[in-house]
Amino acid sequence: MRAFTRLLYATPSNIGSAASLTEALALLPPIPLYRRILRVHRRKLDPEMRILGDSYLKSEFRAHRSTENPLHIIGFLTEWQLYAQKLEGDSWIGEKLDKGKLDKMSDQQLGQLYELMQAIRNKDGEGNE
C-alpha cells in the first residue's frame, strides 16, 4: 500500500460519519496500524475469534497493498483505526452496523458479511449444543 505521508496525517473530511471523524484525528501508517490491531486481537478476543480476526485482517491488508487511490487509502486506514479504537474500549459489544455503511457495501462485501454472521452463529450454536 503506497501511502503518502501527507495523506496519513490528514483528517478526512468526506469519509465516514461525523462522530467517527472526531475519533480519528491522525491516521496511523499501515504497518503500525496492522500491528496495533494484532495486539488488540491478542488481548481482547478469545482464541477462536482471534484466528478469524487475524486471518481477515491479513487478507484485507494484503488485498489493499497495491492501492494507490488516496481517498481509498484514507478510508481504509480510517475504518481499521476506528475498529481498533472500538475494540480497545469495548464499545463494539452489541453495536449494530450503520445503515449508511451497509448501503455503501458491494454485493461481494455483503456476501462476506453474511458468511461472517453465519460463522459466528455456528460457533454460538455449537457451544449451546
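How much of the accessible surface of the protein belongs to carbon and sulfur atoms? Here are some notes to help you find your way around this predicted model.

1. To take the opening question: the accessible surface comes to about 8,900 Å², and 55% of that belongs to carbon and sulfur atoms. As for the inside, 26% of the protein's 129 residues count as buried.

2. The fold is easy to read along the sequence. You will find seven helices and zero strands, giving the pattern α-α-α-α-α-α-α. Among contacts with a separation of 6 or more, 62% join residues that lie 24 or more positions apart.

3. Next, look at helix 3, which covers residues 30–44 and holds Arg43. Arg43 has 58% relative accessibility, and because exposed means over 50%, this residue counts as exposed. On the surface, Arg43 gathers with Arg35, Arg39 and Arg42 in a patch of positive charge.

4. Gln81 makes a good contrast. This residue sits in helix 5, residues 70–89, and its relative accessibility is 4%, so Gln81 counts as buried. Setting aside neighbours within four places in sequence, Gln81 touches Ala26, Leu27, Leu28, Leu33 and Arg36.

5. Finally, a nonpolar patch is worth a visit. Leu52, Leu116 and Ile120 together make this surface patch of about 200 Å². Leu52 belongs to helix 4, residues 47–63. With a relative accessible area of 31%, Leu52 is partly exposed.

Key
Residues numbered from 1 in each chain as written. Predicted model: local features only at pLDDT ≥ 70, side-chain atom pairs only at ≥ 80, totals over all residues. Heavy atoms only, no water. Patch = residues over 30% accessible without salt bridge, like charges linked within 9 Å, V, L, I, M, F, W, Y side chains within 5 Å. Areas by Shrake-Rupley, 256 points an atom, 1.4 Å probe, with all protein chains shown as cover. Salt bridge = Lys/Arg side-chain N within 4 Å of Asp/Glu carboxyl O. Lys, Arg positive; Asp, Glu negative; His and termini not counted. Charge placed at Lys NZ, Arg CZ, Asp CG, Glu CD. Helix = DSSP H or I, 4+ residues; strand = E, 2+ residues; numbered from the N terminus. Buried < 20%, exposed > 50% of the residue type's maximum accessible area, 1.4 Å probe, protein only. Contact = heavy atoms within 4.5 Å.
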